[in-house]
Amino acid sequence: MFEIKPVPAKVLRNRLRFDGTKFYFLSQELRFPNGTEGERQYIVHPGGAIVVPMDDQGRYICIRQYRFAIGAYIYEFPAGTLEPGETPLTTVQRELPEETGLTASQWDDLGQFYLAPGYSDEVMYLYLARGLTTLAQQPPGDEDEDITVIAMTTEELMTRMATGMDFDAKSIACFWRVQHYLANL
């Protein structure tokens with residue numbers, strides 16, 4: 001597998017611009033590996049994890065969630081931010097029941113990827129969840145989340161993802177990584 005080998009820039013000065021609940025915004029004066037200097041800003045994020053749940057009929061379990069930044073509902077796979085001391089697997093094992101009312105008996109680790117390296121250091125960890133079962137009692141979710149759970153076939157997902165903006169990019173990328181993984185089992 002391809003591995004990124006960091007070549008860090010030398011930090012000349014740090015300035016915290018914003019300190020939020022899940023991430024912070026940092027401004028840095030840097031000396032880059034090629035010797036030039038410049039200022040860059042980026043979001044420092046603890047990382048996230050996403051799960052692609054697949055039921056025994058081969059349907060994918062998606063959520064339709066309101067996203068305030070775009071003022072619209074979009075389809076996604078369940079995901080969440082890593083909490084302090086939490087592993088990516090623990091994150092998806094927490095998020096799947098919270099967002100869908102489901103749990104899984106099989107968790108396949110499908111690697112990780114940078115979400116938006118132009119302005120954030122966030123790494124997303126991807127899991128495929130199979131052997132789904134419905135929980136007898138729904139765990140409490142986040143109060144501010146407006147979520148509907150929807151099952152879609154591979155064909156339905158491919159059509160939706162190819163023809164509109166109703167899916168986020170991380171879910172599209174993860175769907176195709178899962179397709180590749182399943183084709184090579």
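These notebook entries record what I looked up in a predicted model.

**Entry 1. The open sheet**

I began with the strand order. An open sheet of three strands runs β6-β5-β10, and its pairing is antiparallel. I noted β6 (72-76) and β10 (147-152) as the edge strands, each of which pairs on one side only. From one strand to the next, the twist averages 25°.

I then looked at how β5 and β6 are joined. The two strands pair in the antiparallel sense over five bridges. As a point of reference I took I63, whose bridge partner in β6 is E76.

Next I asked which helix lies across β5 and β6. Helix α3 does, running at about 170° to β5.

**Entry 2. Strand β9 and its partners**

I turned to strand β9 (residues 123-134) and traced its pairing with two other strands. With strand β4 (residues 48-53) it runs parallel, and six bridges join the two. Within this pairing, I recorded M124 in β9 as the bridge partner of G48.

With strand β8 (residues 102-114), β9 pairs in the antiparallel sense over ten bridges. Here I noted that T103 stands opposite T133 in β9.

**Entry 3. The aromatic pairs**

I counted the ring pairs and obtained six aromatic pairs. I examined F18 and F23: the ring centres are 6.4 Å apart and the planes stand at 50°, so I entered the pair as tilted. The angle falls between the limits of 30 degrees for stacked and 60 for edge-to-face, which is why neither of those terms applies. I checked the accessibility of both residues. F18 is partly exposed, at 44% relative accessibility, and F23 is likewise partly exposed, with a relative accessible area of 33%.

I went on to Y60 and F175, which form an edge-to-face pair with 5.4 Å from centre to centre and 75° between the planes. I asked where in the chain the two residues of this pair lie. Y60 belongs to strand β5 (residues 60-67) and F175 to helix α3 (residues 169-183); they are 115 residues apart, and the pair thus links distant parts of the chain.

Are Y60 and F175 buried or exposed? Y60 is buried, with a relative accessible area of 1%, and F175 is buried, with a value of 0%. I also followed the ring pairs outward from these residues and found that they link Y60, F77, F175 and W176 into a cluster.

**Entry 4. A charge over a ring**

I inspected R64 for its position relative to an aromatic ring. The charged end of R64 sits over the ring of Y73, at 4.2 Å from the ring centre.

**Entry 5. The surroundings of V52**

I chose V52, which lies in strand β4, for a closer look. Its relative accessibility is 0%, so I classed V52 as buried, the cut-off being under 20%.

Which residues is V52 in contact with, leaving aside its neighbours within four places in sequence? I listed Y60, F77, L126, Y127, L128, A129, C174 and V178. Two of these names, Y60 and F77, I had already entered as members of the aromatic cluster.

Lastly I took the separation of V52 from Y125. Their C-alpha atoms are separated by 11 Å, and the residues stand 73 residues apart along the chain.

Notes: Residues are numbered from 1 along each chain as its sequence is written. This is a predicted model: local features need pLDDT of at least 70, side-chain atom pairs count only at pLDDT 80 or more; totals for chains, interfaces and linings use all residues. Side-chain values use heavy atoms; hydrogens and water are left out. Rings of Phe, Tyr and Trp (its six-membered ring) pair if their centres lie within 6.5 Å; planes under 30 degrees apart count as stacked, over 60 as edge-to-face and the rest as tilted. Buried means under 20% relative accessible area, exposed over 50%, partly exposed in between (1.4 Å probe, protein chains only). Helices (H or I, at least four residues) and strands (E, at least two) are DSSP runs, numbered from the N terminus. A charge sits over a ring if NZ of Lys or CZ of Arg is within 6 Å of the ring centre and within 35 degrees of the ring normal. Two strands pair if DSSP finds at least two bridges between them. Contact means heavy atoms within 4.5 Å. Axes are lines fitted to C-alpha atoms, for helices over the stretch in contact, and angles run from 0 to 180 degrees between N-to-C directions.
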